[in-house]
Amino acid sequence: MNVLKLVARNLLSRKGRFLFTLLGITIGMASFVALMSIGQNMRNEVTAQAYSLGGNFVIVPDDLCVFNQIGIITGDAISERLDFAEFEKIAAIEGLDVIPHLTRRMMIYNPTAGAQQPTTVTGILPAETKTFRNWDMYAGEYFSSQDHEAIIIGQGIMNRFDLGVGDELEVRRGEMFTVVGILASTSSNDDTNVFMPLSVAQRVFDREGSVSYMSATVDDMARFDYFYASIHSVANNVNVATNEQLLGAVLTIIGSVNVTLQAVAGVALIAAAFGIINTMMTAVYERRREIGIMRAIGGRSSVIFRIFVIESGLYGLLGGILGIVVGIIVSVFAAPIIQGDEMLMGLEAGVNIDAVLIVSAIGFSLVISILSGLFPAWKASKLTPVEAIS
Amino acid sequence: MSDCIIRVENLEKIYGKSSVKTYALKGINMQIPRGSFSCIIGKSGHGKSTLMQLIGGLDRATSGNVFIDGVNISDLSDAKLSELRAKKIGFVFQFFNLLENLSALENIQIAMMFGGVPAKEQKKAEDLLKLVGLFDKAAAKPNELSGGQQQKISIARALANDPDVLLMDEPTGNLDSESEKDVMEHIYNVHKTGKTIVMVTHNNELAKQAEHVFEIYDGKLKVV
């Protein structure tokens with residue numbers, strides 16, 4: 001006989017209460033883990049997308065709101081308020097390599113979902129963008145000219161909509177285009193985009209002479225201030241945002257959302273902690289006689305205290321482990337639903353479970369449950385043998 | 001008495017702190033020789049169990065001293081008192097007080113654990129079960145045992161850490177006559193090994209078997 005065996009006997013002799021208390025802490029930890037893993041995945045995805053934009057900075061309309069900033073990173077469509085003439089002026093700046101994008105929405109039938117789903121179609125300058133983005137082809141061919149009436153899709157689109165070279169898509173009502181090629185994966189939002197030549201996109205969407213934003217890269221980022229001033233001197237109504245600035249703005253929003261979600265999970269955990277306190281207090285009351293017997297036959301108050309703390313700690317340890325398992329399962333099921341959100345459709349849905357999250361979740365659960373058990377354990381240890389047996 | 005293992009001096013126990021006080025024990029003095037079999041008799045509510053609890057360190061006296069093997073237990077810390085109860089004293093209660101979720105064997109082993117015996121050295125518990133003739137009931141839970149069997153497990157538990165003193169509060173008070181005889185036989189056998197036994201009982205016939213008999217009446221003690 002040792003303390004751990006005694007604790008195991010105590011817990012298993014009250015299976016119903018043990019399971020329900022465990023369920024409380026498991027649910028709390030599962031929500032915590034699910035929200036953390038999805039949130040962290042979102043952060044990682046956004047960060048990866050920001051650095052895969054292919055430029056050191058973007059040039060956007062000067063009144064671009066935060067919602068649109070997220071759109072640039074997630075590959076969503078943003079409004080087209082920049083004049084193509086502005087692009088030509090900026091492109092003329094020496095040392096600056098810049099490409100324009102015209103982003104619009106289109107609907108594609110998803111055979112798995114059995115419904116039309118939105119995706120982004122981006123108008124590009126074929127030759128310049130291929131060089132700028134360092135694209136390779138996975139299948140088929142690239143655009144043969146700047147006004148090739150065809151589309152190219154990313155591998156994410158190919159998989160999601162079960163498409164292949166030769167398939168036809170209706171980009172806009174009555175405007176059918178053939179998929180002539182599929183890009184090799186770049187692990188960026190290019191994978192979840194449909195591309196067509198800029199001039200064709202401008203015609204199809206009645207946006208002649210307009211672009212949504214521009215991606216730019218410079219030969220020397222140390223001269224950023226120079227280029228910033230140069231761009232503002234040649235173009236009107238534009239703003240320049242580095243990828244880091246763009247990322248910072250988006251991460252701030254995601255961070256706020258994450259904190260809110262974690263606060264919700266925190267409330268669930270606090271409720272679970274009170275569940276443990278309640279269970280342990282009830283146990284102290286119900287087991288007065290048992291405590292008294294143990295005290296009478298030589299059990300020190302410190303041992304009684306240890307027994308109760310270990311019992312509540314076990315709730316945390318088991319609840320933490322189960323919470324991680326349930327949290328991962330919930331994340332896996334929740335991620336595709338989150339991906340269905342239009343604003344985040346360019347992001348790769350998934351969960352981010354790493355060793356740090358697992359260790360910190362178990363540690364957190366353990367600490368909360370031990371803290372919850374301290375007061376009941378103290379109450380138990382303070383019972384005198386006679387008081388407890390009587 | 002030259003070799004007293006238990007000595008009680010001017011022991012008082014008063015319940016209640018307000019104006020209404022109950023005097024449970026009034027200036028008790030007694031000495032129990034080492035290796036003796038003593039009985040405390042008296043009517044219910046006159047302080048027998050209270051005296052036993054104070055001698056065993058289960059409760060603290062309002063005033064006076066209890067010496068066990070020369071150590072004044074009134075001065076001991078809670079931890080030291082627990083150690084004393086674990087190693088020096090064995091308790092047998094009227095209602096057995098076994099832990100319901102542990103087996104017969106584990107009820108003995110837990111007492112050994114409190115006495116500081118490591119788990120792998122708790123084999124002696126099986127010997128104690130054999131001593132009380134219940135080795136075949138090692139895995140049985142208390143609710144699967146008769147009253148007499150439970151009390152014999154309780155006696156085995158009291159012997160777990162080889163204490164010098166066994167304090168028994170009405171050990172046969174909850175048993176039928178046949179079980180009483182069986183349990184008492186085990187108690188006498190334990191006494192023959194040299195243990196000091198102090199037993200509280202209502203039963204005058206049992207008291208007659210004791211070497212020393214103390215009667216407690218209205219909180220006061222007299223040697224019979």
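Helices are DSSP runs of H or I spanning at least four residues, numbered from the N terminus. In this predicted model, chain A holds 13 helices and 12 strands. Residue L6(A) lies in the helix α1 of chain A, which covers residues 3-12. With a relative accessible area of 1%, L6(A) is buried, because the cut-off for that class is under 20%. Apart from neighbours within four places in sequence, L6(A) contacts M1(A), M294(A) and I307(A), and also L102(B), I110(B) and M113(B). The C-alpha atoms of L6(A) and E311(A) are 9.6 Å apart, although the two residues are separated by 305 positions in sequence.

Chain A as a whole has 390 residues, of which 51% are buried. Of its contacts between residues at least 6 apart in sequence, 78% join residues at least 24 apart. The exposed area of chain A is about 16,900 Å², and 59% of that area comes from carbon and sulfur atoms. A nonpolar surface patch of about 670 Å² is formed by L317(A), I321(A), V325(A), V326(A), I329(A), V330(A), V332(A) and F333(A). Of these residues, F333(A) belongs to helix α11 of chain A (residues 301-339). F333(A) is classed as exposed because its relative accessibility is 63%, and the class begins over 50%.

In chain B, an open sheet of 6 strands has the order β6-β7-β8-β3-β9-β10, with mixed pairing. Its edge strands, β6 (89-92) and β10 (220-223) of chain B, each pair on one side only. From one strand to the next, the twist averages 20°. Helix α5 of chain B (residues 147-158) packs on this sheet and touches β6 and β7 (165-169) of chain B; the direction of the helix makes about 170° with that of β6(B). Strand β9 of chain B (residues 212-217) pairs with β10(B) in the antiparallel sense over 4 bridges, and I216(B) has L221(B) in β10(B) as its bridge partner.

Strand β1 of chain B (residues 4-15) is paired with two further strands. With β2 of chain B (residues 22-33), the pairing is antiparallel and extends over 8 bridges; here K13(B) stands opposite L25(B). The β1(B)-β2(B) hairpin has 6 residues between its strands, and G16(B) in this hairpin adopts a positive phi near 90°. With β4 of chain B (residues 63-68), β1(B) runs antiparallel and shares 5 bridges, V8(B) being the bridge partner of V66(B).

Side chains of opposite charge can pair when their charged atoms come close. Over all chains, 26 salt bridges were counted. In chain A, E86(A) and K89(A) form one with an N to O distance of 3.8 Å. These residues are about one helical turn apart, because they are 3 residues apart in helix α4 of chain A (residues 84-91). E86(A) is buried at 11% relative accessibility, whereas K89(A) is partly exposed at 40%. A salt bridge also links E290(A) to R287(A), with the closest N and O atoms 3.5 Å apart. E290(A) is buried at 10% relative accessibility, and R287(A) is buried at 2%.

In chain B, D182(B) and K152(B) form a salt bridge of 2.5 Å, N to O. D182(B) lies in helix α6 of chain B (residues 177-192) and K152(B) in helix α5 of chain B, so this pair ties together parts 30 residues apart in sequence. D182(B) is partly exposed, at 28% relative accessibility, whereas K152(B) is buried, at 9%. A network of salt bridges links D3(B), R34(B), D69(B), K88(B) and D164(B).

Methods
Residues are numbered from 1 along each chain as its sequence is written. Chains are lettered from A and ligands numbered from 1 in the order in which they are written. This is a predicted model: local features need pLDDT of at least 70, side-chain atom pairs count only at pLDDT 80 or more; totals for chains, interfaces and linings use all residues. Side-chain values use heavy atoms; hydrogens and water are left out. Two strands pair if DSSP finds at least two bridges between them. Helices (H or I, at least four residues) and strands (E, at least two) are DSSP runs, numbered from the N terminus. Axes are lines fitted to C-alpha atoms, for helices over the stretch in contact, and angles run from 0 to 180 degrees between N-to-C directions. Contact means heavy atoms within 4.5 Å. Patches are made of residues with over 30% relative accessible area and no salt bridge: like charges are joined within 9 Å, nonpolar side chains (Val, Leu, Ile, Met, Phe, Trp, Tyr) within 5 Å. Accessible areas come from the Shrake-Rupley method with a 1.4 Å probe; for residues, only the protein chains shown count as cover. A salt bridge is a side-chain nitrogen of Lys or Arg within 4 Å of a carboxyl oxygen of Asp or Glu. Buried means under 20% relative accessible area, exposed over 50%, partly exposed in between (1.4 Å probe, protein chains only).
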